[in-house]
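Biologist: I am new to this protein and would love a guided tour. Could you show me the model, and then let me ask about it?

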Amino acid sequence: MGDTGKPAADKVAVYDIGEDEAGMRLDRWLRRRFPDLPQTHLMKIVRKGEVRVSGKRAEVSTRLEPGASVRVPPLKLPAGQGTRVKLATPEDAEAIRAMTLYEDRDVIVLNKPHGLAVQGGSGTKRHIDGMLEALADKNGERPVLVHRLDRDTSGVLLVAKSRKMAAELGATFRSRGAKKIYWALVEGVPKPAQGRISMFLAKGEGMGDERGARAAGRADIERVRVAKHGDPDAQHSLTLYAVVDKVTPRIAWLSMRPITGRTHQLRAHAEAIGHPIVGDPKYNRKPENDPARHDALRAVPPGIEPKLHLLARRLVLPHPRGGIIDVTAPLPEHMKKSFEMFGFEPPARDPIEDAPDE
């Protein structure tokens, strides 16, 4: 049985994967196909092995290939479980337009504000992914996220106007063909002034498809941790950094270029080298007896807003139709105020541009 369009809730359905869906992760594909069902329910049927890809059990991270088939079990929810309500409104469309830094026939590049989630999760009602529903065309085709940013990270976010374009751009990200530059304010001044951070990271048990179900009241399991090569779930991560400006010994402005794209990578890397990002509630938790907390010359000034000082500053990647997408985001208001406080001004050339590619 092939893809018949709208599924029946009480029957098994099999969907054929076309070119426009090639390369998508299974969890994202399920969310796109069944936006009215809770994510926890979709992830549960994958974990139980009820979703099959070309006849085999799959993980939520399985990448779908052209010509593959996805078997989905009956999706009738148990009594008492409601479906999500689509919250997209004309106001959401206006908000997306107000965030737009660049747009053409294939892509939209947004300036995501601090505090707005990119995707839904436990307790998250408003997010970019849901707002994009307001831009769906008459055939139901809607813009698709190409990558993600943390809720509290501001800046450049790439959206494709079709699943096919999202698949092509997603392949560019996975092949490291996209150049991403972030700006951050960190505590202290890293030495050397330009370097690379290379380590293995592993997700906490409250992250991914388990998030919300097991993480209530336990912030540590929603953090990635530094791991050893060979540890379960350990993934190599690499970040290049350069100090743009500094107020020694108190604070530094870093330009950071992630070569890999692990969850919370920059935040975890900054903490791991002893220079956590200012305003980070997850990866900036110095002990009460840390000397920097009580040293007026080293402590972060009280006038700085307690918000994550991390900006996805610039994104450069080839456009599938030819040419280059090269978009830069302005400083969010809280970072702008902090930069003014320290007298930081953008240089003629970002020093990360001179860093080697690896």
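Modeller: Here are some questions and answers about strands, their neighbours and charged pairs in this predicted model.

Biologist: Let me begin with a strand. Are the residues of strand S13 mostly buried or exposed?

Modeller: One face of S13 carries Ile 251, Trp 253, Ser 255 and Arg 257, and the other carries Ala 252, Leu 254, Met 256 and Pro 258. Both of those faces are covered. With eight of its eight residues under the 20% cut-off, strand S13 (residues 251-258) is mostly buried.

Biologist: Which residue in S13 stands opposite Leu 185?

Modeller: Strand S9 (residues 179-187) pairs with S13 in the antiparallel sense, over six bridges. Leu 185 falls within the residue range of S9. Its opposite number in S13 is Trp 253.

Biologist: And on the S12 side, which residue of S13 is the bridge partner of Lys 246?

Modeller: Strand S12 (residues 235-247) is also antiparallel to S13, with eight bridges between them. Three residues link S12 to S13 in a hairpin. Within S13, Lys 246 has as its bridge partner Ala 252.

Biologist: Let's move on to S15. Which of its residues point to the buried face?

Modeller: Side chains alternate along strand S15 (residues 324-328). Ile 324, Asp 326 and Thr 328 point to one face and are not buried. The residues on the opposite, buried face are Ile 325 and Val 327.

Biologist: Which residue in the turn between S14 and S15 has a positive phi?

Modeller: Strand S14 (residues 310-318) runs antiparallel to S15, joined by five bridges; in one pairing, Arg 314 has Thr 328 as its partner. The two strands form a hairpin with five residues between them. In that turn, the residue with a positive phi, about 115 degrees, is Gly 322.

Biologist: Now the charged pairs. How many salt bridges does a search of the whole structure find?

Modeller: Side chains of opposite charge can pair when their charged atoms come close. One example here is Arg 97 with Glu 103, whose closest N and O atoms are 3.1 Å apart. The search of the whole structure gives a total of 18.

Biologist: How many residues apart in sequence are the parts tied together by Glu 103 and Lys 161?

Modeller: Glu 103 and Lys 161 form a salt bridge, with their closest N and O atoms 2.7 Å apart. Glu 103 lies in strand S5 (residues 100-103), while Lys 161 sits in the loop between strand S8 (154-160) and helix H5 (163-174). The pair therefore ties together parts whose separation in sequence is 58 residues.

Biologist: In the salt bridge between Glu 133 and Arg 142, which residue is buried?

Modeller: The closest N and O atoms of this pair are 3.0 Å apart. Glu 133 has a relative accessible area of 23%, so it counts as partly exposed. The other partner has 13%, under the 20% cut-off, so the buried residue is Arg 142.

Biologist: Finally, how far apart are the C-alpha atoms of Val 12 and Pro 74?

Modeller: Val 12 lies in the segment before strand S1 (13-16), and its relative accessible area of 33% makes it partly exposed. Along the chain, Val 12 and Pro 74 are 62 residues apart. Their C-alpha atoms, however, are separated by 5.0 Å.

How values were computed
Residues are numbered from 1 along each chain as its sequence is written. This is a predicted model: local features need pLDDT of at least 70, side-chain atom pairs count only at pLDDT 80 or more; totals for chains, interfaces and linings use all residues. Side-chain values use heavy atoms; hydrogens and water are left out. Buried means under 20% relative accessible area, exposed over 50%, partly exposed in between (1.4 Å probe, protein chains only). Helices (H or I, at least four residues) and strands (E, at least two) are DSSP runs, numbered from the N terminus. Two strands pair if DSSP finds at least two bridges between them. A salt bridge is a side-chain nitrogen of Lys or Arg within 4 Å of a carboxyl oxygen of Asp or Glu.
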